[in-house]
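Dear colleague,

I am handing over the structure we spoke about, and it follows directly below. After it I have set out what was found, so that you can read the notes with the coordinates open.

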Amino acid sequence: MRGRPGSTRRMGFVRAFEEFIDCVSTASSPTELGEALGDMTRRLGCDYFALSHHADPGASPATTIRLHNYPERWVEYFDRHGLAACDPIHRASQQTAMGFAWRCVPHMIPLTASDHHILARAADHGIGDGFTMPAHIPGEISGSCSFATSHGHEWPVQHLYLAQLAGAVAFEGARRVWQVRPPPMRRACLTDRQRDCLIWAARGKGDWEAGVILGISEETVAQHISAACRRYGVRKRTSLIILALFDGTISFADIARR
């Protein structure tokens, strides 16, 4: 009895994905990882891939991930204009932990005139539609893995879920190849009261307001914040908030909660 064509195709993709995982797991260099990504890109019906941290390559450490097969003219334009920090695809990646099609970006972030210009220049350099899988690792620079078609070609929407899985596997493989490691775990270094004061400071409250809310004096709030700064080795409250967010002492949910 013959199997159904759809079932046969699915089994073919399952085998291809298993092979991809094996290749990524055993890759010992960017070149080997790039070969695996290039093969998966073709299987997805795409032309380009880009695996990277969202950082300026000229001002980043050696552990900053960057691997792609984009046209060199586009890469040169991208770097010359410092687009890593303002690329709308990179900014949209901050809004979700799920993969997303580029056509959805206008519904994820407000696009500026500069954003439209960047997307138009990408099209001029041959980049068409695409799909991006964000990568958010606490304490590390955000990154992503993208797959794209050449300009004028339809993105193969039937492969969205496979692209999402492939992107996640590829980025984790790149972290191993580039020897990116998470920061060492450490115990929360703030007392409960210091943490309370920090949360209210992060919510925009001054020392007097935080004192009224917590039932302590304005001076006591200031002392708790100063002590927290010393424990983190910083002078500014803004730096304290950022570091406490990175190590999990406080969360964005703490700040947003009312």
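A convenient place to begin is the residue that comes just after helix α8, since G215 takes a positive phi of about 75 degrees there. Please keep in mind throughout that this is a predicted model.

Helix α8 itself has two sides that can be told apart by their exposure. D207, A210, G211 and L214 are buried, and, seen down the axis of α8, these buried residues fall within an arc of 105 degrees, so they line one face of the helix. On the other side of α8, W208 and V212 are exposed. As for what the buried residues of α8 pack against, the partners are α7 (192–202), α9 and α10 (237–246).

Of these partners, α9 can be described in more detail. Helix α8, which spans residues 207–214, and helix α9, which spans residues 218–232, pack at an angle of about 105 degrees, with their axes 8 Å apart; angles of 65 to 115 degrees count as roughly perpendicular, and α8 and α9 are therefore roughly perpendicular to each other. On the α8 side the contact is made by D207, W208, A210 and G211, and on the α9 side by E218, V221 and A222. By residue class, the contact of α8 with α9 divides into four nonpolar, one polar and two charged residues.

A second helix pair has another geometry, which I give in the corresponding terms. Helix α2 (residues 30–43) and helix α6 (residues 160–177) pack at an angle of about 175 degrees, and their axes are 10 Å apart, which makes α2 roughly antiparallel to α6. Here P30, L33, L37 and M40 of α2 meet A166, A170, G173, A174 and V177 of α6, and the residues of this contact of α2 with α6 divide into eight nonpolar, one polar and no charged.

The loop between α6 and α7 holds Q179, which may deserve a look when you check the backbone. Most residues other than glycine have a negative phi, whereas Q179 has a positive phi of about 60 degrees although it is not a glycine. Q179 is also exposed, with a relative accessible area of 58%.

Finally, on the overall layout, the protein chain is divided into domain 1 (5–178) and domain 2 (192–256), and the C-alpha centres of domain 1 and domain 2 lie 37 Å apart.

With best regards

How values were computed. Residues are numbered from 1 along each chain as its sequence is written. This is a predicted model: local features need pLDDT of at least 70, side-chain atom pairs count only at pLDDT 80 or more; totals for chains, interfaces and linings use all residues. Side-chain values use heavy atoms; hydrogens and water are left out. Axes are lines fitted to C-alpha atoms, for helices over the stretch in contact, and angles run from 0 to 180 degrees between N-to-C directions. Helices (H or I, at least four residues) and strands (E, at least two) are DSSP runs, numbered from the N terminus. Angles under 35 degrees count as roughly parallel, over 145 as roughly antiparallel, 65 to 115 as roughly perpendicular and the rest as oblique. Contact means heavy atoms within 4.5 Å. Ala, Val, Leu, Ile, Met, Phe, Trp, Tyr, Cys and Pro count as nonpolar, Asp, Glu, Lys and Arg as charged, and the others, Gly among them, as polar. Domain bounds come from an automatic or database domain assignment. Buried means under 20% relative accessible area, exposed over 50%, partly exposed in between (1.4 Å probe, protein chains only). The arc is that of the directions from the helix axis to the C-beta atoms.
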